[in-house]
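Here is a short report on one protein chain with a ligand. Look over the sequence and the structure before reading on.

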Amino acid sequence: MEVWRLARVLSRRLSLQSSACGAALTSRSRVQCRGATGLQGNTSRSYFSATDSTALVYRRHGEPSQVVQLETLRLPALEAKSALVKMLAAPVNPSDINMIQGTYPIPLDLPAVGGNEGVGQVLEVGSQVQTVKVGDWVILRDTGLGTWRTAAVFNEDDLVTVPSDISLLSAATLGVNPCTAFRMLSDFESLSPGDTVIQNAANSGVGQAVIQIAAAKGIHTINIVRDRPDLQQLTDRLKAMGATYVIKEESLRKPEIKDIFKVYPQPKLAFNGVGGKSATELLRHLQTGGTMVTYGGMAKQPVTVPVSALIFKDVKIRGFWVTQWKRDNKHDGDALSVMLEELCTLIRAGKLSAPFCTEVDMKDFHKALDNAMKPYISSKQILVM
Ligand SMILES: NC(=O)c1ccc[n+]([C@@H]2O[C@H](COP(=O)([O-])OP(=O)(O)OC[C@H]3O[C@@H](n4cnc5c(N)ncnc54)[C@H](OP(=O)(O)O)[C@@H]3O)[C@@H](O)[C@H]2O)c1
């Protein structure tokens, strides 16, 4: 499609969606957030304009459904090194919720636009932009840039082009969880086909990516999930993705677990997205000299390492934060794009799908925020703009 036509079609879609949300827009305060400083609220009804965006903004910390509101924001002028991006879809991740609640370890200045991940399409570029062009699909390199909005002006350095021949949902969820899974499988132990990895929160976005990337490399996964009424259904879904075993947390303490390790080697690597007792249980099954990588703390409990695991098994306790990895590799232009290309190759080959998810129109954000905080929902909420 020619560029001008594409821009017109997108503009029309943006126009319709903005006016549908207009009734809720009342604020008039200055919003500062990285990636779009100086956005200004607007008291008028929402209407499409190249200068406005509809955004999910929070002005204080608290319960997401109480503090997040839909506002019209004035877009800053396009600068030489920036690009105007129409956001297409953005997930609601646990870190987004923690940021809104004010419990995320890296605080954002308020007010802020919610969302750290998502995919958009470039509508316009500044005169000196070199790395993205009009029509490209882009994701964001860093956190805290605010993806829950219909449009934004981002610095070109914050944008990474992704191919548009993958599904919108795969693109919207590509930049954080699959990258985390990929790095954790690559950077901590040298794994060969036939090796085993154990993980908790196996049905999380990260967990699903671990299962699929590991399966594509011939690595077995022992997957721990919390018990629930539909456990068999969840087990079937994870096995269809390539999970070797799916076990509920309670079964980890039962003697039968040892039978698994008669068939498969004990894990060299454990991935902990939960903390507390769940992490301690993972450690009990690690190989001598193996590594546990903590990447999340869903149980909000500290990790306790038994002395025996350190003395007699010499386990390594590590942590990983994908945002730091991207920052550390910012000047190695290739590192991120090589990884994204590998992930997209898996996606195209049908070996890596988007996590189980539910698409929610951005104006129904209350529903998305509430569902994102429910236990056992097993469905990532994706805001569609
Ligand atoms: N370090 C990094 O670079 C990095 C990158 C990505 C994500 N993360 C972190 O990884 C974690 C998972 O993120 P995600 O996007 O993959 O999550 P997600 O898709 O939203 O899934 C949340 C997962 O957490 C589990 N969970 C929720 N509350 C729990 C609790 N109290 N105890 C045990 N499990 C619980 C859920 O299990 P149920 O189905 O049983 O409710 C589900 O498996 C989060 O902490 C996130 O911040 C870190």
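## Backbone and ligand shell

Ala201 counts as buried because 25 C-beta neighbours lie inside 10 Å. The cut-offs: buried takes 20 or more other C-beta atoms within 10 Å of a residue's own, exposed 12 or fewer, partly exposed in between, with C-beta atoms placed from the backbone. The model is predicted: local features need pLDDT of at least 70, side-chain atom pairs count only at pLDDT 80 or more, and totals for chains, interfaces and linings use all residues. Residues are numbered from 1 along each chain as its sequence is written.

Ala201 sits in the loop between strand E11 (196-199) and H6. Helices (H or I, at least four residues) and strands (E, at least two) are DSSP runs, numbered from the N terminus. Tyr376 lies in the loop between helix H13 (365-372) and strand E18 (380-384). Tyr376 is partly exposed, with 14 other C-beta atoms within 10 Å.

Most residues other than glycine have a negative phi, and most peptide bonds are trans. These two residues have a positive phi:

| Residue | Phi |
|---|---|
| Ala201 | near 45° |
| Tyr376 | near 60° |

A cis peptide bond links Leu110 to Pro111, with omega about -5°. Pro111 is in the loop between H3 and strand E6 (112-113).

Now the ligand. Of the 27 residues around the ligand, Ser204, Gly205, Arg226, Gly296 and Val322 come nearest (near: C-beta atom, placed from the backbone, within 6 Å). Helix H3 (94-101), helix H5 (177-187) and helix H6 (205-216) each give two or more residues to this shell. The ligand lies between domain 1 (3-173 + 355-384) and domain 2 (177-323), because both give residues to the shell. Domain bounds come from an automatic or database domain assignment.
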